[in-house]
Amino acid sequence: MNRNLALQRTLDAIAHLSDREPPWTALLQGMQQLIGGDSATLILIDSDNELLNFQQHDVSPAAERVYTEHFFAHDIVAPLTIGATPGSWFDTQEMFSSSLLSKEAFYVDFMCQHRMRQLLTFIIEDSPQRRGGLTVQRNMPAGHARRDLEGTTVRRATSALRRGMAQRDAMARQWFDTAESAFDGFGEAICLVTPRGTVLRASIRARELFGQGHTLRLRSGRLWHPGAEVQRALQSALVHAPQAREPVRLSIPDERGGQCRLELVPAVPQLSLGKEALVFIRIHHDDTRSLPPIDSLCSTFGITPAEARVLTALMAGHSPKQHAGLQGVSVHTVRSQVTSLMTKMECTRQIDLVRKGLLAQPPLLETRSGA
């Protein structure tokens, strides 16, 4: 394709990056044609080196599958881009000698097998929460690629891309700020997180909530609860929310007798980079609301008051051993009660008991529509 035409296609895609449904595929196609490659990808990685998004143009389904399922963990380029300034280029022909590449399984078993002998990566995002790059792959490596990458034509595209990304980020901040103002009026905190719980944006009320010592906290930048069963229930809700048709609701009691009520919904597309799945969370913390009454749990699940107290303790994040110590009973007695709860509540794991107990709470703010 004529480079001027490829440039125009790329610039047209960049001009619409702030749309509700940005043309990411058209951007990949334009960059592939402009630089001269066989395929192109957009990859996002979180702070723990977990893959957030893999979007591609002209990459075979087999290559996408083996990369996301296996080879991503062995990528030889990604580790070397940590801390790179957005706007930087990386070329595998410059980064690695032929002899070194021949010893790398990622090169031999992935790059060569899937027509990607040369990778040209442009960094588009590098923040404490996530980093990402747009890569053009070539089957036939070409030397002196940087001369073309830093030439006038490609620089026009990359300069426009950096401006487009900045405008998109400003738009996302404005959207979030508007939402924060609206939900703050209802006494609610909001945050934007990945399915693994990494918090990308948080309202002032949310940051205050996480920092006040309540059981819902941030740990290494992720939502965290000290109770293992509650943490698993939270993780399950985060994974389920991006695909859910209805809001996912979760009630998390804290150690002070209060409660955090969460509503999780898929984030609007303009808050994502590429097609990454993000979760928008509304949080209402009630210091005065106590855990569900014992008699309510008894009638809901057909359990005894002693069993209801055990269930309440599990929901609050206590282990059977902790509850036994607080109640002055044998841990064997508590474990026997947990077994009885599983039978009566038709559960096979402690996490299922906690999830049923949490989801049995009154739905979060059902009178208001989801975000």
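## Pockets, cavities and sheet of a predicted model

The lining of the largest pocket comprises 12 nonpolar, five polar and six charged residues. The structure described here is a predicted model. The volume of this largest pocket is about 400 Å³. Its lining counts 23 residues, and those closest to the centre are Glu125, Arg130, Met165, Asp169 and Leu273. Two or more lining residues come from each of E4, helix H8 (152–184) and strand E7 (199–202). H8 provides the largest share, with seven residues.

The second largest pocket has a lining of 17 residues, and Glu21, Pro269, Gly274, Lys275 and Glu276 lie nearest its centre. By class, this lining is made up of eight nonpolar, four polar and five charged residues.

Enclosed spaces are also present: the structure holds two cavities of 30 Å³ or more. The largest cavity is lined by 23 residues, with Ile43, Tyr67, Asp75, Thr121 and Thr135 nearest its centre. At least two residues of this lining are supplied by each of E1, helix H6 (105–111), E4 and E5. The lining of the largest cavity divides into 12 nonpolar, seven polar and four charged residues.

The second largest cavity is bordered by Trp24, Leu27, Leu28, Leu42, Ile124, Leu134, Leu161 and Met165. Its lining contains eight nonpolar residues, with no polar and no charged ones. H2 and H8 each contribute at least two residues to this lining, and H2 gives the most, with three residues. Met165 thus appears in the lining of the second largest cavity and among the residues closest to the centre of the largest pocket.

The volumes of these spaces are listed below.

| Space | Volume |
|---|---|
| Largest pocket | about 400 Å³ |
| Second largest pocket | about 240 Å³ |
| Largest cavity | about 320 Å³ |
| Second largest cavity | about 30 Å³ |

Several of the elements named above belong to one sheet. Five strands form an open sheet in the order E2-E1-E5-E4-E3, with antiparallel pairing. Strand E2 (51–57) and strand E3 (89–91) are the edge strands, each pairing on one side only. On average, neighbouring strands of the sheet are turned by 20° against each other, direction ignored. Within the sheet, strand E1 (residues 39–46) and strand E5 (residues 130–138) form an antiparallel pair over eight bridges. In this pairing, Ile43 stands opposite Gly133 in E5. Ile43 is also one of the residues nearest the centre of the largest cavity.

Two helices lie across strands of the sheet. Helix H2 (residues 24–35) lies across E1, E2, E3, strand E4 (118–126) and E5, at about 60° to E2. Helix H3 (residues 61–69) lies across E1 and E2, and runs at about 165° to E2.

Further strands occur later in the chain. Strand E10 (residues 248–253) is largely enclosed by the rest of the structure, because five of its six residues are buried. E10 pairs with strand E11 (residues 259–266) in the antiparallel sense over six bridges. One of these bridges joins Ser251 to Arg261 in E11.

Arg222 belongs to strand E9 (residues 222–224). Is this residue buried or exposed? Arg222 is buried, because its relative accessible area is 14%, and the limit for a buried residue is under 20%. Leaving aside residues up to four places away in sequence, Arg222 touches Asp46, Asp48, Glu50, Arg196, Gly197, Thr198 and Arg217.

Technical notes: Residues numbered from 1 in each chain as written. Predicted model: local features only at pLDDT ≥ 70, side-chain atom pairs only at ≥ 80, totals over all residues. Heavy atoms only, no water. Pairing = 2+ DSSP bridges. Helix = DSSP H or I, 4+ residues; strand = E, 2+ residues; numbered from the N terminus. Axes fitted to C-alpha atoms, helices over the stretch in contact; angles between N-to-C directions. Contact = heavy atoms within 4.5 Å. Buried < 20%, exposed > 50% of the residue type's maximum accessible area, 1.4 Å probe, protein only. 1 Å grid on protein atoms, 1.4 Å probe; cavity = no way out; pocket = protein on both sides within 12 Å on 5 of 7 lines; lining within 4 Å. Points joined across faces, edges and corners; volume = space filled by probe spheres on them. Nonpolar A, V, L, I, M, F, W, Y, C, P; charged D, E, K, R; others polar.
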